[in-house]
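Here's a small set of exercises to work through with the model open in your viewer. Try each task before you read its solution.

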Amino acid sequence: MSKLIEIDNDRLHSKNHVLFLFLDGVGLGNASAQYNPFMQVELPHLQALAGGYWLAERSRWSGERASFVPTDAGLGVAGKPQSATGQATLLTGQNIPQQLGYHWGPKPNAEIVHILQSDNLFMRLTRAGQTVRMANAYPQAYFDNIARGRRNYSAIPLALTAAGVPLPTTADLLAGTAFSADFTGQAWRAELGVPDAPLLTPQVAGVQLAKSAQQGGLLFFECWLTDYLGHRGTLSEAVQFLQVLDGVVAGLLEAWDDAHGLLVITADHGNLEDLSHKHHTENAVPTLLLGKHHAQFAQTVHDLADIASVVSQSLLELPSTN
Ligand SMILES: [Zn+2]
C-alpha cells in the first residue's frame, strides 16, 4: 500500500508543469534613475534569478538554473504599449498591436475580445488535454459587477473564461487552493473585509505557488499591483511591494522542481520601473525563465509574441525517453 502511494507521489511530481507569473507594468529601467524602485533597495532573489539587476542595459543571460531576456514590448508599433494588446500578444503568440495597427488598453475592445475568444493559449492547452488553472482568487464583488455589466473582463480572465477555466473564488482562497493578488492575503483582510483570509509570508506564498504548480499543467498568476503602483503608487510603496515580490521569488527558488517545471515570469509593458511619471514606458520588459530547458527556451524569446510557444512547448513536448 505505502509502495503504491510512493509511486503515485513520484508520478505527481514528475508531471510537466509551468507557472506563468505575469507582472503587469514592469519594464527594465535605468540604473541611475532616481525614480526606479528596483534600484532603491536590495532585492537579492530577484537579482539571483536574473543574474544581476533588472535593468535596461542588461543583455540576455543564462545561469545554471535560470535565464534572463530583455524582451521587446513595443512590437514595431509606435506609441506606449498597453495592457490589452500586450496581454493578448502574450496569450496568443500573435503580434496583436501590429495586426490592429495600435496599442490598446487597459480593457480589450471588441476586436481584441474577438481575437481572444477565437483562440488563445489556454484554449490550445485545454484542447490538448492539459490542465489550466488560475492562481488568483477573485472577490464576490468582482463576479457581481461582471454579471451586472458594471465591469468588463480584462484580457487574462477573458481568455480563461473563453477556455472554460473557472476563476477561483473567496471559498478557494479560504481553502488555501487559490492566492491573493498581493501574495500575502493582507489586502483581503484589510480591504475586502474577509477577516479569515489566510495570511502568508511572501516566502511561504512562493513555496505554495511552486507546490500548486507541481500538480501539473499550467498555473497562471496575474500580478496587477505592479502596474497599479506604477500609475498610483509612491516610490516607497513600490519598494515595499518589490520586497514582497523578492520574498515570493525566494520561496519559488527554494521549492521549484527544475527537472519537470518551467517558471515563466514576464510583463506586458513597462511602468513601475520609472516613477518619475505615472504612465507606461516604452522600455523592454524582463522575461525570466527558471527550470526545465530554460536556456534553450530563452534563445527563442525576442518579443512578447514569443512567450506563448515557450509555455505550450514546455507542456506539450513528448516525455524524454532516457
Ligand atoms: Zn497600466
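The exercises below go from the whole chain to single loop residues, and the model they use is a predicted one.

**Exercise 1. Overall build**

Task: Work out how many helices and strands the chain has, and how its radius of gyration sits against the globule rule.

Solution:
- Step 1: Count the secondary structure. You should get 15 helices and seven strands.
- Step 2: Take the radius of gyration, which is 19 Å; for 322 residues the globule rule gives 20 Å. Those two values are close, so the chain is as compact as a globular protein of that length.
- Step 3: Check the extents. Along the principal axes, the C-alpha trace spans about 60 × 50 × 40 Å.
- Step 4: Look at the contacts with a separation of 6 or more. In the chain, 74% of them join residues 24 or more positions apart.

**Exercise 2. Surface and charge**

Task: Find what share of the chain is buried, what supplies its exposed area, and how far apart the mean positions of its charges are.

Solution:
- Step 1: Of the 322 residues, 53% are buried.
- Step 2: The exposed area comes to about 13900 Å², and carbon and sulfur atoms supply 53% of that.
- Step 3: For the charges, there are 19 positive and 29 negative ones, and their mean positions lie 6 Å apart.

**Exercise 3. Two helices**

Task: For α5, decide which residues are buried and which exposed residues sit on the face turned away from them. Then say how many residues of α3 are buried.

Solution:
- Step 1: α5 runs over residues 110-118, and its buried residues are I112, I115 and L116. They span an arc of only 90 degrees around the axis, so they end up on the same side of α5.
- Step 2: Flip to the face turned away from that buried side, and you meet the exposed residues A110 and H114.
- Step 3: Ask what covers the buried residues of α5. Among the covering elements are α3 (83-92), α4 (96-100), α6 (121-127) and α8 (155-162).
- Step 4: Move over to α3. Ten of its ten residues are buried, so α3 is largely enclosed by the rest of the structure. The buried ones include S83, Q87 and T92.
- Step 5: Just after α3 comes G93, with a positive phi near 75 degrees.

**Exercise 4. Three loop residues**

Task: Are A137, G51 and G270 buried or partly exposed, and which residues do they contact beyond four places in sequence?

Solution:
- Step 1: A137 lies in the loop between β4 (132-134) and α7 (140-147). Its relative accessible area is 7%, under the 20% cut-off, so A137 is buried. Its contacts include P168, L173, F179 and W188. D172 is 35 residues away along the chain, yet the two C-alpha atoms are 6.8 Å apart.
- Step 2: G51 is in the loop between α2 (44-50) and β2 (61-62). With 39% relative accessibility, G51 counts as partly exposed. Its contacts are R58 and W61, and the C-alpha atoms of G51 and W61 are separated by 6.9 Å.
- Step 3: G270 belongs to the loop between β6 (261-267) and β7 (285-291). A relative accessibility of 0% makes G270 buried. Its contacts include G25, V26 and G27, as well as N283. From G270 to N283 is 13 residues along the chain, and 5.6 Å between C-alpha atoms.

Definitions and conventions:
Residues numbered from 1 in each chain as written. Predicted model: local features only at pLDDT ≥ 70, side-chain atom pairs only at ≥ 80, totals over all residues. Heavy atoms only, no water. Buried < 20%, exposed > 50% of the residue type's maximum accessible area, 1.4 Å probe, protein only. Helix = DSSP H or I, 4+ residues; strand = E, 2+ residues; numbered from the N terminus. Arc of directions from axis to C-beta. Contact = heavy atoms within 4.5 Å. Rg over C-alpha atoms; globule rule 2.2 N^0.38 Å. Areas by Shrake-Rupley, 256 points an atom, 1.4 Å probe, with all protein chains shown as cover. Lys, Arg positive; Asp, Glu negative; His and termini not counted. Charge placed at Lys NZ, Arg CZ, Asp CG, Glu CD.
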